[in-house]
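Here are my notes for your read-through of this model. Keep the structure open while you go through the points.

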Amino acid sequence: MAAPQVPARELFIHGAWVPPVHGKYLDIVNPATETVIGKIPAATQEDVDAAVAAATAAARSGEWTKTTGAYRAGFLRAIAAKMREHKTVLAQYETMDCGKPIDEAEWDLDDVAGCFDYYAGLADQLDKRQGTAIDVGSDDFQVKWKVAPALAAGNCCVLKPSELASVTCLELAGIAQEVGLPAGVLNVITGLGSEAGAPLSAHPGVAKVAFTGSAATGRRVTAAAAANLRPATLELGGKSALLVFEDAEVDKAVEWAMFGSFWTNGQICSATSRLLLHADIAPAFLDKLKQRAESIRVEDPLTKGCRLGPLVSAGQYERVKAYVAAGLEEGAQLLTGGGRPSHLASGYFLQPTVFTGVKPHMRVWREEIFGPVLSVMTFTSEAEALKLANESEYGLGGAVISADAQRCQRVAEGLECGIVWVNCSQPCFSQAPWGGVKNSGHGRELGEWGLENFLSVKQITTYVSPNIWEWYNPEQPSKL
């Protein structure tokens, strides 16, 4: 597939493309070729101030915040339509930017467009919720709930993507401009986390922070937002467990184990990168897993049919290789993988990697690796499996595969996490809540729960009785 030229973009502030104040830019490196394919602007405090000011001015103008949900839904559906129209090239940009296989990138773009459509529907429904009366047990008063605008419902936003995956976010800004989204409603700034992300999360003009990233950065974001008494929802790291019981159909379970750990090149926070196998099926399962993992197509991610691309950056590549070395040093055994594919001389590629003989104290079992590395332990009882799964600082996702529906229900209820998959791993839907517990963060994204994170409720109480209140009437005793 011929690679398109990455567009030259500036920061998107108040509906216009604006160069960064200090004129700094960051190279975009294609992780499959290790070549520079473009640049993104590197925002700093001054640019953050301008973006927040633009969003604040747009919000106060009422051009977006005081319109109907139906009006806003029209823009969201227009954005969804444009994303589908440009899906092919947007997916190519995403693949060139972060190494995601092109088939996965196209799938993701469909999901993003579907998400805009879904929240357009919720925006429509918000109109019905405005001014809902509440019975307070008295004919003298009426109480109404006024739902403040949020995201699709009406907030004005500043988006700061990772500096390692910014291209499609800048193109989203271009689509917003193309469909005529009012200036200042969506602002996109790119750059380093320390120079752009940190001042944004600490900015007193920001009313709400929503962050996706590592637990370590999440702590700093929370502290920065808390200093301004601003709420922050956090979708952080994970070390999710997949529990496979003795009655599982091996071929199906192997497929889900691979999808759960190698999808998106293993660079997904919910990856089920800890595999717990019942001892009775472990030998047959691992034989099949080794065979299947070694058959995965690892190649240029722009190639149709590629199923594993490169890691996102040189730094991440070295980090994941260091974890592989640590696993071996601590006594784990490589079932397969662990090095560069022999047919790829350049690019940040790592073979699908599976460790066996893993112990609970090992780093490859405890720490989030964020790469195509799967660690395997065995168990003999349901209680043991749950104990091993829950002995983690993380709690984003978990999965169970068994032919016993009651056991699946017990395990699903027993897993200490925010998302549980039964007889599968990793499906994500716009309509369902997404988020974790423990060091995986708090709050929920997606679905109606995600919308609530960005809504504020206002109580309006109106006195409707024709009578004087007379609380301080000196001629009458107190009403109480």
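At what angle do helix α2 and helix α5 pack, and how far apart are their axes? Let's start there, and bear in mind throughout that this is a predicted model.

1. **Helices α2 and α5.** Find α2 at residues 69-85 and α5 at residues 167-178: the two pack at an angle of about 125°, and their axes are 9 Å apart. Angles over 145 degrees would count as roughly antiparallel, so this pair is described as oblique instead. The crossing of α2 past α5 is right-handed. If you want to see who touches whom, colour Ile-79, Lys-82 and Met-83 on the α2 side, and Leu-172, Ile-175 and Glu-178 on the α5 side. Sorted by class, that contact has four nonpolar and two charged residues, with no polar ones.

2. **Helices α3 and α5.** Now turn to another partner of α5, namely α3 (residues 87-98). Here the packing angle is about 155° and the axes lie 8 Å apart. With the cut-off for roughly antiparallel set at over 145 degrees, α3 and α5 are therefore roughly antiparallel to each other. From α3 come Leu-90, Tyr-93, Glu-94 and Asp-97, and they meet Val-167, Thr-168, Glu-171 and Ile-175 of α5. That contact splits into four nonpolar residues, one polar and three charged. Notice Ile-175: it belongs to the contact with α2 and also to the one with α3.

3. **Helices α8 and α9.** What angle do α8 and α9 make? It's about 55°, with 10 Å between the axes, and α8 covers residues 250-262. That makes α8 oblique to α9. Again the crossing is right-handed, with α8 passing α9. There's a fair list of residues to click through: on α8 they include Val-250, Val-254, Met-258 and Phe-262, and on α9 they include Phe-285, Leu-289 and Arg-292. The residues of this contact are 10 nonpolar and four charged, with no polar ones.

4. **The loop leading to α9.** Is Ile-281 buried or exposed? You'll find it in the loop between β12 (274-278) and α9 (282-293). Its relative accessibility is 10%, and since buried means under 20%, Ile-281 counts as buried. Apart from neighbours within four places in sequence, Ile-281 is in contact with Val-244, Phe-245 and Glu-246. Take Glu-246: it is 35 residues from Ile-281 in sequence, yet their C-alpha atoms are 5.7 Å apart in space.

5. **A three-stranded sheet.** Next, look for the open sheet whose three strands run in the order β9-β10-β20, with mixed pairing. Its edge strands, β9 (209-212) and β20 (441-442), each pair on one side only. Helix α7 (residues 215-227) packs on this sheet and touches β9 and β10; its direction makes about 175° with that of β9. As for β10 (residues 232-235), two bridges join it to β20, and the two strands run antiparallel. One pair to check is Glu-235 with its bridge partner in β20, Gly-441.

6. **Strands β17 and β18.** Which side chains of β18 (residues 419-422) sit on the covered face? They are Ile-419 and Trp-421, while Val-420 and Val-422 are on the uncovered one. In a regular strand the side chains alternate between the two faces of the sheet. β18 pairs with β17 (residues 397-401) in the parallel sense, over four bridges. Opposite Trp-421 in β18 stands Ala-399.

Notes:
Residues are numbered from 1 along each chain as its sequence is written. This is a predicted model: local features need pLDDT of at least 70, side-chain atom pairs count only at pLDDT 80 or more; totals for chains, interfaces and linings use all residues. Side-chain values use heavy atoms; hydrogens and water are left out. Axes are lines fitted to C-alpha atoms, for helices over the stretch in contact, and angles run from 0 to 180 degrees between N-to-C directions. Angles under 35 degrees count as roughly parallel, over 145 as roughly antiparallel, 65 to 115 as roughly perpendicular and the rest as oblique. A crossing is left-handed if the near helix is turned anticlockwise from the far one by less than a right angle, and right-handed if clockwise. Contact means heavy atoms within 4.5 Å. Ala, Val, Leu, Ile, Met, Phe, Trp, Tyr, Cys and Pro count as nonpolar, Asp, Glu, Lys and Arg as charged, and the others, Gly among them, as polar. Two strands pair if DSSP finds at least two bridges between them. Buried means under 20% relative accessible area, exposed over 50%, partly exposed in between (1.4 Å probe, protein chains only).
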